[in-house]
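Please open the model in your viewer and keep the sequence panel beside it, since each stop on this tour begins with a selection. The route goes from the whole chain to a pair of elements, and then to single residues.

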Amino acid sequence: MSNKIGDEGAARLADALQVNTSLLNLNLYDNKIEDEGAGRLADALRINTSLERLGLGDNEIRDEGAAHIADALRVNTSLVALNFLRWNNIGPEGAAHLADALRVNQFNPASSARHQEIRGLIETRGQRVAAVGETK
């Protein structure tokens, strides 16, 4: 069951994530988070160095929010799992941003499983829209 925190709740959590150094897993599944909230969470992901898993599935994130998250993935060094591609409203443009970000992210070589859950095929609503490593 979700709390339906929306963008305001996501913004408050993002503020806390910017200073938190112990939280490893945050599941925000089905919380009515939209692009603004995704943007605030992305700001936190640029700074936070402890969060390893983030769940954002079944929200209302669109291409703009996916682009915010993608920009954060370019510099984030701690996430190993990101689940938000399914049951959001991310189209081909947002998926392309994510695929590009995963191509340039400097993954931690000490972890062979790093990003295994976000690499590979990117799907939205079950439709294949991009794959990491594909040429445009």
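**The whole chain**

Begin with the entire chain in a cartoon view, where 4 helices and 5 strands can be picked out; keep in mind throughout that this is a predicted model. Followed from the N terminus, the elements come in the order α-β-α-β-α-β-α-β-β.

Now colour the 136 residues of the chain by burial, and 46% of them will fall into the buried group. If you switch on the accessible surface, its area is about 7,200 Å², with 47% belonging to carbon and sulfur atoms. A contact map is a useful companion here: of the contacts in the chain with a separation of 6 or more, 80% are between residues 24 or more positions apart.

**Helix 1 against helix 2**

Select helix 1, residues 6–17, together with helix 2, residues 35–47. How do their axes lie relative to each other? The two axes cross at roughly 5° and come within 8 Å; helix 1 is therefore roughly parallel to helix 2, as an angle under 35 degrees counts as such.

Next, show the side chains where the two helices meet: helix 1 contributes Asp7, Ala10, Ala11, Ala14, Asp15 and Leu17, while helix 2 contributes Glu36, Gly37, Arg40, Leu41 and Ala44. Sorted by class, this contact holds 6 nonpolar, 1 polar and 4 charged residues.

**Aspartate 15**

Stay in helix 1 and select aspartate 15, which is located there. Its relative accessible area is 42%, and it is therefore classed as partly exposed. Draw a distance from its C-alpha atom to that of leucine 41, and the viewer should give 8.3 Å, although the two residues are 26 residues apart along the chain.

**Aspartate 30**

Move on to aspartate 30, in the loop that runs between strand 1 (25–27) and helix 2 (35–47). Is this residue buried or exposed? Aspartate 30 has a relative accessibility of 19%, and because the cut-off for burial is under 20%, it counts as buried.

To see what surrounds aspartate 30, set aside its neighbours within four places in sequence and select the residues it contacts, namely Ser2, Lys4, Gly57, Asp58 and Asn59. Finish by zooming in on lysine 4, whose side chain is joined to the side chain of aspartate 30 by a polar contact of 3.0 Å.

Notes. Residues numbered from 1 in each chain as written. Predicted model: local features only at pLDDT ≥ 70, side-chain atom pairs only at ≥ 80, totals over all residues. Heavy atoms only, no water. Buried < 20%, exposed > 50% of the residue type's maximum accessible area, 1.4 Å probe, protein only. Polar contact = N/O pair within 3.5 Å; in protein donor to acceptor, adjacent residues only side chain to side chain. Contact = heavy atoms within 4.5 Å. Areas by Shrake-Rupley, 256 points an atom, 1.4 Å probe, with all protein chains shown as cover. Axes fitted to C-alpha atoms, helices over the stretch in contact; angles between N-to-C directions. Parallel < 35°, antiparallel > 145°, perpendicular 65-115°, else oblique. Nonpolar A, V, L, I, M, F, W, Y, C, P; charged D, E, K, R; others polar.
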